[in-house]
Each structure stands twice: as structure tokens, then as C-alpha cells.
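Good morning, colleagues. I would ask you to open the entry on your screens, and we shall then go through it region by region.

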Amino acid sequence: MDYLYHPFTSRRHTVFAKNGIVATSQPLAAQVGIEIMRHGGNAIDAAIATAAALTVVEPTGNGIGGDSFALIWTKGELHGLNASGPSAKSITAEKVKALGHDKMPVYGAVPVTVPGTPASWAEVSRKFGKLSLRETLQPAIQLAEEGFPLTPILGKYWRIAYDKFKTMSDNSPEEEKMFAAWFETFAPDGRPPEIGEIWSAPGHADTLRQIAETDGRAFYEGPLAEKIAATVKEHGGFLTAQDLADYQVEWVEPVSTNYRGYDVWEIPPNGQGMVALMAMNIHTADGYKPVYGEVETLHRQIEAMKLAFTDGKAFITEEAEMPVKVEELLSEEYAEERARQIGEKAMLPEPYDPVKGGTVYLATADSEGNMVSFIQSNYMGFGSGVVVPGTGIALQNRGADFSLDPEHANYLQPGKKTFHTIIPGFLTKDGEAVGPFGVMGGFMQPQGHFQVVSNTVDFGLNPQAALDQPRWQWTGGKTVHVEPDFPNHLAQALQRKGHDIHIMTDSGSFGRGQIIWRDPETGVLQSGTESRTDGAIAVW
């Protein structure tokens with residue numbers, strides 16, 4: 001039976017609930033979150049429990065060794081959490097070049113930065129949770145110990161990762177050694193688990209238990225931290241036990257723009273959420289009114305995104321290191337200046353080279369008014385490919401985005417946070433919460449945010465339809481990818497405007513999103529989930 005064979009068009013409806021909703025990319029993780037609410041937790045506890053469960057049931061996109069960001073609405077206020085980690089204090093561009101690299105490597109121990117995810121769970125639980133971290137992590141521990149059957153999209157990407165690491169290992173004895181623990185952990189029978197096959201992770205369970213019992217500190221201090229550092233050192237990386245011990249998450253002030261009466265909120269740099277806000281500002285700067293299904297609207301959105309991305313890649317890094325202020329990039333003057341460059345034909349901005357990413361996103365809400373937009377990632381699929389033996393910890397490769405060019409804003413420096421792709425989103429109107437939203441997927445994320453917000457605000461689509469709408473993705477130059485079911489007449493019209501349109505055979509690169517909106521009059525919650533993955537909504 002082919003679980004990826006879908007010959008018929010399917011349709012989902014918006015899901016409603018009164019007491020609570022958890023929307024994410026894995027049914028078991030969504031179920032974990034809602035059960036935490038049923039047992040006395042709030043939406044914040046549910047977000048932590050769901051996030052921990054996702055490290056078990058979707059390791060193809062996130063893990064204990066990755067980073068996290070969150071936007072949390074509670075008691076009428078929005079809070080931003082940046083749990084991305086810096087580079088090692090001992091790393092320099094010169095040392096990386098001395099290893100024979102002319103740019104940051106993608107795999108291996110060199111691009112490993114300090115993981116922020118375990119610290120994010122502990123900090124959010126401490127500040128806003130009702131339950132202990134021990135209680136919220138217990139369902140994830142149980143899933144890892146008892147195992148679970150792989151879902152279709154999960155199985156697909158697990159196989160892709162296996163084939164990639166196998167090819168690299170076969171071609172290099174050094175990489176064979178480096179990826180050995182990955183194969184022991186994620187392909188213990190000499191092959192990846194199949195769709196529907198049960199896979200368990202006892203080492204992962206042990207690590208989660210240590211994190212739970214120490215409010216996260218076991219990951220950053222003591223034997224587990226020493227083991228992480230030793231693994232990185234063994235494979236030629238720079239991260240040390242001291243780098244882990246020194247790590248602290250950051251509470252940050254979210255940044256926003258007003259898009260046609262709605263305030264759209266993102267995490268400030270080093271995240272790329274700024275790109276989505278910049279694109280929205282450029283799109284509205286000349287007073288153009290979007291029209292559903294009109295090629296001119298699509299053309300202007302694509303051109304606005306090009307301009308925002310070009311500048312985002314040039315300027316966004318750790319905020320203190322940016323050559324341009326955040327306020328300037330979000331200013332009316334900036335938007336108007338960039339909007340004047342949009343003409344009737346596709347432009348060719350300064351190009352960049354986008355890469356694919358692996359991430360998970362979740363949204364939660366409860367009857368008390370708490371709402372969470374939470375995202376965590378190992379960056380590219382399983383991350384660096386370096387796994388700490390016996391622990392289930394796959395270390396991220398977030399440092400791959402650093403530049404070795406001293407003139408670049410994102411130049412590699414010791415203890416610096418790199419340009420970061422993962423971005424949670426949140427929508428408010430007149431100071432009241434509308435709700436959390438997000439679209440994961442590397443450099444697709446701000447493009448997905450822009451399209452989902454436009455679908456909601458400009459076109460009045462319900463949350464499920466706003467996610468289901470066929471997407472476009474600018475990938476550099478004049479090249480635009482569109483989904484298989486993107487209307488052909490619009491693709492042809494964009495082509496006539498000078499866009500190099502590529503109709504893709506698969507929707508995997510177009511992001512995976514979740515939405516929860518709250519009715520301000522009744523308090524009723526409504527949610528949409530992602531049809532491009534194993535998305536699920538659990539309700540109470």
C-alpha cells in the first residue's frame with residue numbers, strides 16, 4: 001500500500017472548540033498538548049508538552065539539539081522568546097578557513113551552535129506554566145520509550161535523510177565515522193523505519209527525563225553537557241561545555257507592522273520575521289488594493305517579497321551587529337522607496353542562494369485567553385548529522401548560515417547569533433489577540449507568513465482555506481516556484497510578466513503551517529492545519 005499516493009482532491013474544514021486547541025504537524029503531539037490541558041495545564045503548558053513530543057515524533061525537522069522561538073499571549077500582553085544559541089566562543093572565521101573551508105560547511109560539527117530548545121521549555125514553564133516541567137515532558141518521555149508508528153510525510157523525509165547520509169558516508173570514511181551515531185539512533189536495523197512501522201528511542205527518553213528532573217539544567221551542565229561537548233570535539237567542532245553552561249534564553253520585545261488594520265507580530269532580529277513585515281509594508285506602500293485571483297496582486301506580492309528578502313539577507317543578523325536599524329527597515333520611508341522599484345515586469349534584484357530547512361511549528365490556545373505561537377528546529381532536516389551517542393540528541397547546523405566574508409553583516413564571530421530562519425507569527429487587532437499563526441520551512445517561512453496574512457486579511461479566507469490556498473515561492477533571481485495545483489492561467493500570466501515560473505510536482509518545499517483564531521465576542525476558537533504534512537488539530 002502506497003501511503004503517499006493521493007489520486008483524489010481532498011478537503012478539510014475549519015475546526016472549532018471552546019476550551020482549547022492544539023494545532024501542529026503530528027497527530028500524537030497535538031493529542032499530547034490537549035491532554036495536558038485536560039489535566040490542569042494551560043495553553044503554555046500544552047505548547048511545551050507538544051514541542052517536547054515533536055522532538056520524538058518528528059525528528060526529521062526538530063530535536064533536543066535545536067533552537068526555539070515563541071510568541072506568547074497571556075493576560076492581555078504579548079511576550080517574545082528568543083531561544084536561539086550563539087556560536088562557540090572559540091570559533092573564528094580564520095579557524096574555519098584553516099580547516100579548508102571557503103564558506104561555512106553545512107554538515108558536521110563545525111556549524112553546531114549552542115542549542116536553545118531545552119532552555120526554552122524550562123524558561124517558558126517557569127514564567128507562565130501551571131504545571132512542572134516534569135509533568136509536561138512526561139508524555140514525550142512515554143512516547144520515546146514505548147515507540148510510535150511513523151506517519152506518511154514523516155516516513156518520506158526520514159527516507160530522504162537516510163539516503164543522503166548513506167551516500168555521504170559511502171563516499172568518505174571521515175563522514176562515515178561522523179554519521180555513525182545517526183545511523184545507530186535513526187536507522188538501528190540498517191535502514192530507515194517505514195511508514196506505519198513502530199520506532200522507539202530509549203536514549204531520547206533518558207535525555208528528556210534528565211531535562212525534566214532538573215528544569216533543563218542537565219542539558220547545559222554536568223555529565224550530559226560534557227558528553228555533548230566531547231562529541232563535538234571528536235568530530236572537529238568548537239562547541240564546549242562552557243559554551244553550554246553560559247547559555248541563557250532572551251525575552252525580547254516583539255516587532256510589528258500594521259497591515260490593513262491588523263497588527264502582525266514577529267520576533268526581532270536575529271530572526272527573519274522582519275522580512276515578512278518588510279514585504280507587507282512594501283506591498284501596501286503605494287495604496288494598491290489586492291484583488292483575489294488577480295495576476296497583478298500576485299506579481300506585486302512576489303516583487304515586494306524579492307525586495308524584502310534581498311535587504312533581509314544583506315542586513316539581518318544579531319541586532320547589535322546590524323548595519324541598519326530595525327526601525328529604519330520598518331519605516332514608511334523605506335517601504336515607499338522600495339515600492340517605487342516595482343514595475344509591470346519581474347525585476348532582477350541582487351540574488352541570494354536560498355536553502356531548504358527542517359522545522360516544526362505549533363499553535364495552542366485555551367479558554368483563559370492564553371495563546372502560543374511556538375517554533376523549533378534543527379535547521380536542515382536532522383541538522384548537522386552529528387548525534388550524541390546514546391542520547392537521541394541530533395545537533396543542529398544553524399551555524400551554516402554564517403558568512404566568512406568580513407564585510408558581511410552575518411560574518412562569523414565568537415559567541416554570535418546567526419541570521420535565523422525560524423519565525424513564529426501572531427495577529428492582533430485593536431490591542432486584542434486574534435491568534436497565533438506560522439508557516440515553517442527555511443526561507444519559505446516569511447513568504448508563507450505574507451501569503452497567510454494576505455489570505456486572511458485581504459481575502460477573508462477561513463483559517464483552513466488560508467493554509468490550503470496554493471502557494472508561490474521566490475527562490476532567487478526571477479525564479480518563482482508554484483505548487484502543482486496553482487491555477488495555470490495565473491502561472492501563465494506571471495510568466496508573461498517576466499517571472500520564470502516553475503510548476504513543482506511536490507508541495508514539500510512550500511512550508512507547513514498552523515493557525516488558531518479567537519472570536520472576540522464569544523471566545524470560540526477556530527483552527528486550520530496543514531494539508532501538506534501529517535497535520536492535526538486536537539480540541540477540547
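Is Ala-88 buried or exposed? Please keep in mind, as we answer, that what you see is a predicted model. Ala-88 has a relative accessible area of 2%. Buried means under 20%, and Ala-88 is therefore buried. In the chain, Ala-88 sits in a loop, the one that runs between strand E4 (77–83) and helix H3 (93–98). Setting aside neighbours within four places in sequence, Ala-88 is in contact with Phe-238, Leu-239 and Asp-243, and also with Pro-414 and Gly-415. To give a sense of scale, consider Ala-88 together with His-489, a residue to which I shall return: they are 401 residues apart along the chain, and 50 Å separates their C-alpha atoms.

A second loop residue deserves attention. Thr-421 is found between strand E13 (393–394) and strand E14 (425–429), in the loop that links them. With a relative accessible area of 0%, Thr-421 is buried. Which residues is Thr-421 in contact with, leaving aside its neighbours within four places in sequence? They are Gln-272, Tyr-379, Arg-398, Asp-401, Gly-442, Phe-443 and Gln-445.

One of those contacts, Tyr-379, brings us to the backbone. Tyr-379 is a residue other than glycine, yet its phi is positive, near 80°. Tyr-379 belongs to strand E11, which covers residues 371–379, and at 1% relative accessibility it counts as buried. Arg-260 is likewise not a glycine and has a positive phi, in this case about 50°. Arg-260 lies in the loop between strand E8 (255–259) and strand E9 (262–266). Its relative accessible area is 30%, and Arg-260 is thus partly exposed.

Let us turn to the nonpolar cores. The largest of them has 86 residues, and Trp-121, Leu-137 and Trp-182 are those with the most contacts inside it. Helix H2 (residues 43–57) provides the largest share of this core, namely ten residues. Apart from this core lies another, of 55 residues, which includes Val-275, Val-434, Val-480 and Leu-494. As for Trp-182, its contacts beyond four places in sequence are Ala-161, Tyr-162 and Phe-165, then Ala-187, and finally Phe-382, Gly-385 and Val-387.

Leu-494, which I named in the 55-residue core, is also one of the buried residues of helix H18 (residues 488–496). The others are Leu-490, Ala-491 and Ala-493. Why can we say that these residues line one face of the helix? Viewed down the axis of H18, the buried residues fall within an arc of 165°, and so they line one face. They pack against H13 and strand E18 (500–503). On the other side of H18, His-489 and Arg-496 are exposed. Just after the helix, Gly-498 takes a positive phi of about 100°.

We come now to the open and enclosed spaces. What is the volume of the largest pocket? It is about 1,100 Å³. The lining of this pocket consists of 30 residues, and the closest to its centre are His-6, Ser-10, Ser-507, Ser-531 and Arg-532. By character, the lining divides into eleven nonpolar, ten polar and nine charged residues. Helix H6 (152–171) and helix H17 (463–468) each supply at least two of the lining residues, and H6 gives the most, with four.

How many cavities of 30 Å³ or more does the structure hold? There are four. The largest cavity has a volume of about 180 Å³. Its lining comprises 17 residues, and nearest the centre lie Leu-298, Gln-301, Asn-455, Phe-459 and Gln-469. The lining of the largest cavity divides into nine nonpolar residues, seven polar and one charged. Helix H13 (295–315) and helix H16 (445–457) each contribute at least two residues to it. H13, you will recall, is also one of the elements against which the buried residues of H18 pack.

To close, I would leave two items on the screen for discussion. One is Tyr-379, a buried residue with a positive phi and a contact with the buried Thr-421. The other is helix H13, which supplies residues to the lining of the largest cavity and is packed against by the buried residues of H18. Thank you for your attention.

How values were computed. Residues numbered from 1 in each chain as written. Predicted model: local features only at pLDDT ≥ 70, side-chain atom pairs only at ≥ 80, totals over all residues. Heavy atoms only, no water. Core = buried A, V, L, I, M, F, W, Y, C linked by side-chain atoms within 4.5 Å. Buried < 20%, exposed > 50% of the residue type's maximum accessible area, 1.4 Å probe, protein only. Contact = heavy atoms within 4.5 Å. 1 Å grid on protein atoms, 1.4 Å probe; cavity = no way out; pocket = protein on both sides within 12 Å on 5 of 7 lines; lining within 4 Å. Points joined across faces, edges and corners; volume = space filled by probe spheres on them. Nonpolar A, V, L, I, M, F, W, Y, C, P; charged D, E, K, R; others polar. Arc of directions from axis to C-beta.
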